[in-house]
Amino acid sequence: MNNQNHRRIVVVGAGWAGLGAAYHLATQGYEVTLLEAGAYPGGLVAGWQTAGGRSLEAGIHGFWYPYRNIFSLVDRLGLKPFTPWTRSTQYSPAGIEAISPIFQDLPRLPMPLGTFAYPKFPRLPFWDRLSAFPLVQALLDFDNSDEAWRRYDDMSARELFRQYGASERLYRDAFEPMLLVGLFAPGEQCSAAAALGMLYYFILAHQNNFDVVWCRGTVGEMIFRPWCDRIEQAGGKILTQRRVTDIRLDESGQANAVVCGDEIFEADAVIFSVGITGLQNIVRSSSNLKQRPEFTNVMNLGAVDVLATRLWLDRKIPIPNPSNACFGFHPTTGWTFFDLNTLHDAYQDESGTVVEADFYHANQMLPLDDADIVAMVQKDLATCIPEFRDARVVDFGIVRLPRAVTHFAPGSYRYLLHGTTSIPNLYMSGDWIVNRQGSWSQEKAYVTGLEAANRAIAQLGFGNPAPIIPVEPDEPHIQLGRSLNRWIERTLPNPVKLADFFQDGNANSEAIDLIA
């Protein structure tokens with residue numbers, strides 16, 4: 001189908017997924033219209049300015065070593081937006097809990113030995129760390145297949161770690177903090193399947209995977225703005241403040257237009273690149289989508305509140321590492337803080353300290369007044385680094401983000417959408433869409449945007465598909481372990497699991513304490 005009249009594609013949502021789909025399709029000669037509900041393209045990573053002209057964004061976003069497709073995109077765009085690789089520190093109210101090195105600077109060990117050996121845990125006993133060993137069997141068993149997701153999704157991450165014998169202290173001081181800043185919720189509210197997928201991708205698949213860089217300014221300014229320029233140069237249209245209210249279908253059940261109130265955008269294919277909350281809002285108003293169970297079932301999914309804060313202080317405060325994760329300060333809430341004097345070019349010569357503190361699963365914080373939030377942030381920072389206590393806040397920015405990020409709750413997998421839908425030419429993309437490539441977060445959003453573009457190209461029969469870089473293959477011993485695990489599952493009627501020796505996590509923890 002090479003007719004020019006069949007090249008109109010409407011993309012809804014201008015985050016990583018939507019921009020990725022729109023950019024590739026525009027370069028292939030399609031007539032692309034990108035609709036964004038907000039005032040700026042970028043979704044959650046769009047930046048804006050305070051009344052005083054200072055830059056803000058909806059939280060700081062890291063770019064981890066396995067983000068191969070995003071790094072490739074940035075290179076093709078000719079951009080240099082990233083810091084060098086950084087070290088990180090983990091704090092609790094008791095002090096420093098962990099210090100992570102730059103893993104690629106160290107001799108490469110078979111995984112998960114590098115993750116076990118190289119970080120410094122000044123307070124976590126060796127025997128507690130050793131209690132993580134039985135979890136290797138669950139990691140081998142979870143291969144990101146549909147069967148694996150269904151097998152583990154009804155269980156909470158807290159149940160998983162208890163069942164596999166992780167000590168209570170290991171869970172409290174290591175695993176739950178990872179969940180709070182990786183899946184944005186405490187372990188009892190996280191799917192075990194999502195926990196295994198996230199932990200494996202970011203931490204356990206390969207030694208270098210936990211290495212991270214940051215944007216040297218807002219992502220909106222340094223990546224999305226020049227990327228949008230390239231989309232428009234290729235002929236794409238980007239329209240902001242367009243809230244989708246319906247999808248129009250023809251007599252064959254295919255989408256032929258996207259409706260935004262009184263505006264109608266004709267389309268030969270449609271790509272949705274919105275988050276869960278955005279799609280739920282569309283379903284509520286759409287006479288066509290609310291007739292389809294796959295879309296009404298999305299109403300069963302949840303999203304997590306985020307609070308992003310930025311403080312400008314009257315003095316320079318030494319912060320040992322530029323990125324830091326924190327736990328134990330507020331029940332069910334994790335948070336991070338960042339030294340923007342080190343990370344952002346604009347603040348390197350600032351006379352005072354500029355620090356970002358972002359809180360996840362922050363529903364109890366969003367109703368607070370600005371003054372109470374600023375006081376809370378400064379108190380928490382001072383618990384980590386006492387010099388913050390006597391500093392004066394000269395300016396601040398606060399961004400409240402209700403229902404902002406995906407909540408992978410136990411049992412949620414059955415309600416997640418796939419890349420294709422019951423509407424033949426309506427495709428889905430985003431970090432919450434089911435796919436098998438194996439990436440997470442921003443990288444997954446971008447990859448699913450490319451996958452959606454490729455599906456539209458296959459349908460309309462014009463242009464070349466976008467190349468997608470696969471995740472790095474499992475290390476040989478992991479491949480062997482997974483093959484052996486599958487053979488055992490097929491061959492033995494009642495295969496023994498390491499977890500069978502660690503059914504009582506509390507008892508295991510007590511035994512470890514006695515040994516220690």
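**Helix packing, a loop histidine and a small sheet**

In this predicted model, helix 1 and helix 10 are roughly parallel to each other, because the angle between their axes is under the 35 degrees that counts as the limit for that description. The axes of helix 1, residues 16–27, and helix 10, residues 219–233, cross at roughly 30 degrees and come within 9 Å, and the crossing of helix 1 and helix 10 is left-handed. If you would like to find the contact in the structure above, look on helix 1 for Trp16, Leu19, Gly20, Ala22, Tyr23 and Ala26, and on helix 10 for Val219, Ile223, Phe224, Trp227, Cys228, Arg230 and Ile231. Sorted by class, the residues of this contact between helix 1 and helix 10 come to 11 nonpolar, 1 polar and 1 charged.

Let me turn to a second pair of helices. Helix 6, residues 146–153, and helix 9, residues 192–204, have axes 7 Å apart and pack at an angle of about 125 degrees, which makes helix 6 oblique to helix 9. On the side of helix 6 the residues that meet the partner are Trp149, Tyr152 and Asp153, while helix 9 brings Ala192, Ala193, Ala194 and Leu196. The contact of helix 6 with helix 9 holds 6 nonpolar residues and 1 charged residue, with no polar ones.

Next, a single residue in a loop. Histidine 61 sits between strand 4, residues 55–57, and strand 5, residues 62–64, and what does its side chain reach at 3.5 Å? The side chain of histidine 61 reaches the backbone oxygen of alanine 58 at 3.5 Å, and it reaches the backbone oxygen of glycine 59 at 3.5 Å as well. Histidine 61 is also 13 Å from valine 405, C-alpha to C-alpha, although 344 residues separate the two in sequence.

Finally, I would like to show you a sheet. This is an open sheet of 3 strands in the order 10-11-12, and its pairing is antiparallel. Strand 10, residues 246–249, and strand 12, residues 263–266, are at the edges, where each has a single partner strand, so one side of each has no neighbour in the sheet. From one strand to the next, the twist averages 30 degrees. Strand 11, residues 255–260, runs antiparallel to strand 12 and is joined to it by 4 bridges, and valine 258 is found opposite phenylalanine 265 in strand 12.

Key
Residues numbered from 1 in each chain as written. Predicted model: local features only at pLDDT ≥ 70, side-chain atom pairs only at ≥ 80, totals over all residues. Heavy atoms only, no water. Axes fitted to C-alpha atoms, helices over the stretch in contact; angles between N-to-C directions. Helix = DSSP H or I, 4+ residues; strand = E, 2+ residues; numbered from the N terminus. Parallel < 35°, antiparallel > 145°, perpendicular 65-115°, else oblique. Left-handed = near helix turned anticlockwise from the far one by under 90°. Contact = heavy atoms within 4.5 Å. Nonpolar A, V, L, I, M, F, W, Y, C, P; charged D, E, K, R; others polar. Polar contact = N/O pair within 3.5 Å; in protein donor to acceptor, adjacent residues only side chain to side chain. Pairing = 2+ DSSP bridges.
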